[in-house]
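Biologist: I should like a close look at a single part of this protein, with attention to how its aromatic rings are arranged. Please explain it in a way that a first-year student can follow.

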Amino acid sequence: DLDLYATSREQRFRIFASLEFEGQLYMTPYDFIQSVTSDAPKCAKKWRSLSKQELNQILIETPPVWKGSSKLFRNLREKGLISYTEYLFLLCILTKPHAGFKIAFNMFDTDGNEMVDKKEFLVLQEIFRKKNEKRERKGDEEKRIMLRLQLYGYHTSTNSVLKTDGKDLVPRSYWDTLRRSTSQALFSDLAERADDISSLLSDTTLLVHFFGKKGKAELNFDDFYRFMDNLQTEVLEIEFLSYSNGMNTISEEDFAHILLRYTNVENTSSYLENVHCRIPEEKGITFDEFRSFFQFLNNLEDFAIAMQMYNFANRSIGQDEFKRAVYVATGLKLSAHLVNTVFKIFDVDRDDQLSYKEFIGIMKDRLNRGFRI
């Protein structure tokens, strides 16, 4: 019955998580992949309790960050632990543009030495935890405490870790903690408690992957960037391969299916009918085209500004204007076939123009996979 007191994100984590250690729930790498590529687990999950010996063996087999690849999570499968705050961090990565990777790294690097250590990483995780608590559903405090123990492995009162003097240090979203010009003072209060936080937490796959088995290694920007890029690529490869059936392309209709997943569109049949009727000769979407489109979606906020310029001028947007706006806002060049396919999917009134309402609103849902991060 703890789901009654959980947010939608917390519920999804609890549904897909399959491991439990000392009362705290964890996802395996395979659980995480399932959670972002599937509507529900393939089979009902039962939390399996890990022994200390099993946990140590999993962590011993965790590869270092310089051995990472775009198959890391698929290779690890069940041999890994991902905590709830790490789950939130990984979700942030999936929806952010490459240009934002450096901002994220610099926010972790609180002492400005161009390296991130384990203590700095835990400080940002604690801010994610604090932000999540601000979104908690109201209700039975005893139940909320039980839920926090499941998600974080320890319980802190609302005021004990982050002292804000009435100010919300994480104004809008988790990404804002990495993007906005937060002052050094924000971290000083947490940094003093980082050792205490660390003593309460078990090591995880990410902590060992980034900082080594002894927790003494430091993470540089190149390895951090590669990890984030690899994770985005891995999830996209999994989604693409689930439709390609071993071919080099997926159909335009399958591309539409993938885009419309996790959106609020209730009747997708009209969009799919658009594709079926308006692209009679199937050419297919390559993985490079597929990946470039989702890289573009991660820049959707900047593109939306360009689209609004057309709105203010009372102009709809055609394919040439669309391609130009994408390039100006993101630096990405989308293929003519990809842009034409997008227009055929979303141009519901079939006027060969794309309105802000027809596209941006739907894609914002898809970008966040149905949840606001």
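Modeller: What follows is a description of one aromatic pair, the helices that carry it and the rings grouped with it. Please bear in mind that this is a predicted model.

The structure holds 27 aromatic pairs, and one of them joins Phe-255 to Phe-290. The centres of these two rings are 6.3 Å apart. Their planes meet at 70 degrees, and an angle over 60 counts as edge-to-face, so the pair is of that kind. Phe-255 and Phe-290 are both buried.

The two residues come from distant parts of the chain, 35 residues apart. Phe-255 belongs to helix α14, which covers residues 252-260, whereas Phe-290 lies in helix α16, made up of residues 287-297.

Two packed helices are described by the angle between their axes and the distance between the axes. For α14 and α16, the angle is about 25 degrees and the axes are 13 Å apart. Angles under 35 degrees count as roughly parallel, so α14 is roughly parallel to α16. The crossing of α14 and α16 is right-handed.

The pair also belongs to a wider group: Phe-255 and Phe-290 are members of one aromatic cluster, which includes Phe-240, Phe-287, Phe-293, Phe-294, Phe-296, Phe-303, Phe-322 and Phe-343.

Aromatic rings elsewhere have charged partners. The charged end of Lys-333 sits over the ring of Tyr-327, at 5.4 Å from its centre. Likewise, Lys-102 places its charged end over the ring of Phe-221, 4.4 Å from the ring centre.

Technical notes:
Residues numbered from 1 in each chain as written. Predicted model: local features only at pLDDT ≥ 70, side-chain atom pairs only at ≥ 80, totals over all residues. Heavy atoms only, no water. Phe/Tyr/Trp six-rings, centres within 6.5 Å; stacked < 30°, edge-to-face > 60°. Helix = DSSP H or I, 4+ residues; strand = E, 2+ residues; numbered from the N terminus. Buried < 20%, exposed > 50% of the residue type's maximum accessible area, 1.4 Å probe, protein only. Lys NZ or Arg CZ within 6 Å of the ring centre and 35° of its normal. Axes fitted to C-alpha atoms, helices over the stretch in contact; angles between N-to-C directions. Parallel < 35°, antiparallel > 145°, perpendicular 65-115°, else oblique. Left-handed = near helix turned anticlockwise from the far one by under 90°.
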